[in-house]
Amino acid sequence: MNPRSAEELLGQLYDNTLTGNGPVVLDLTNAGLAMGLDPETLLYQALIPALEEVGARFERGDFFVPEMLIAGKAMAGALEILRPLLAETGATTIGTIVMGTVKGDVHDIGKNLVNIMFEGAGFHVIDLGVQVAPEKFVDAVREHQADIVGFSAFLTTTMPMFKANINALAKSGLRDQVIVMVGGAPVTQEYADVVGADGYAADASAAVVKAKELLQRRRVGAHA
Ligand code: B1M
């Protein structure tokens, strides 16, 4: 601890996230902000790379689920500190988004980060959490008259739920009324096209740009 420079702090934040040392990650996140580092720097230069390395070690068999879990928890704690700073926004709402991680999938750090960025951009976000069944998405889209519904999937085995969700929307007559966005670590533009999603984004910042673009296109189309 007691980093003397921003570089040293980012290195320590990376190391302690990697090893899942939650309390130290919280201290370093606060110390980084006090040092004048912006939240994006802490996220993209320490926290996210650390979780990428956790995934790589898991793949190599050097880390197991418990290590992945404590690293994820450490990252989630830091995200709670960064949330209000990333989501600083004006009062106006530009659209309503229903978001959730698909059925069978418990990963939520990436989804939560996307939600924070959506809120920061002025969207009203209804977060359905993880393991969300198709009918729950349908009910929420109907109840909140959502402009966009976002599905996150982080496992190749849960990505097919995108199609199941889209089918459920079609069956309930809502598919044409709502923009469908998909994302998550293994998802690609090609896969999004195959399942018939309207939009895909690789990360939280790109998700905001894409959501605004799709909404704008739909609103212009509706008035043409
Ligand atoms: Co798991 N896990 N995990 N895991 N886990 C991955 C995803 C994995 C890639 C690790 C690896 O092998 N390299 C791998 C999936 C492999 C695959 O399917 N191709 C994997 C596995 C295999 C598993 C289990 C099956 C392990 C097991 O039990 N044997 C199991 C599955 C449980 C289940 O869901 N049923 C499992 C469990 C877990 C934990 C619970 C221990 C924990 C999750 C904690 C939590 O989320 N609360 C965990 C973790 C932490 C990971 C890694 C290490 C980190 C994920 C993360 O938070 N990344 C992950 C490795 C990796 O991703 N490299 C891994 C940081 C986050 C900011 O990035 O999630 O990509 P990301 O989110 C991005 C984008 O995807 C995008 O924006 C986000 C922010 O920039 N995005 C969207 C996300 N949603 C979007 C929606 C959009 C648009 C963009 O529009 C709607």
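Hi everyone, let's start with a contact: a polar backbone atom of V106 lies 2.7 Å from an oxygen atom of the ligand. Please keep in mind that this is a predicted model.

So which elements build the shell around the ligand? Those that give two or more residues are α3 (39-60), α4 (65-86), α5, β3 (148-152), β4 (179-183) and α9 (204-222). The top contributor is α3, with five residues. If you think in domains, domain 1 (6-88) and domain 2 (96-223) each supply at least three residues to that shell.

Now, the metal. Which protein residue is the donor of the cobalt atom of the ligand? That would be H107, which uses NE2 at 2.2 Å, and it is the only protein donor. You'll find H107 in the loop between β1 (95-101) and α5 (109-120).

Back to the polar contacts for a moment. D105 places a polar side-chain atom 3.5 Å from an oxygen atom of the ligand. With A185, a polar backbone atom is 3.1 Å from a ligand oxygen atom.

Let's zoom out to the surroundings. How many residues surround the ligand? The count is 34, and the closest are E59, V106, H107, D108 and S152. By character, the shell splits into 21 nonpolar, nine polar and four charged residues. As for where the ligand sits, look in the largest pocket.

One thing to take back to your screens: find H107, the only protein donor to the cobalt atom, and then look for α3, which gives the most to the shell. Thanks for listening!

Technical notes:
Residues numbered from 1 in each chain as written. Predicted model: local features only at pLDDT ≥ 70, side-chain atom pairs only at ≥ 80, totals over all residues. Heavy atoms only, no water. Donors = N, O, S within 2.8 Å, 3.2 Å for Na, K, Ca; no water. Helix = DSSP H or I, 4+ residues; strand = E, 2+ residues; numbered from the N terminus. Near = heavy atom within 4 Å. Polar contact = N/O pair within 3.5 Å; in protein donor to acceptor, adjacent residues only side chain to side chain. 1 Å grid on protein atoms, 1.4 Å probe; cavity = no way out; pocket = protein on both sides within 12 Å on 5 of 7 lines; lining within 4 Å. Sits in = over half its atoms within 2 Å of the grid points. Nonpolar A, V, L, I, M, F, W, Y, C, P; charged D, E, K, R; others polar. Domains from an automatic or database assignment.
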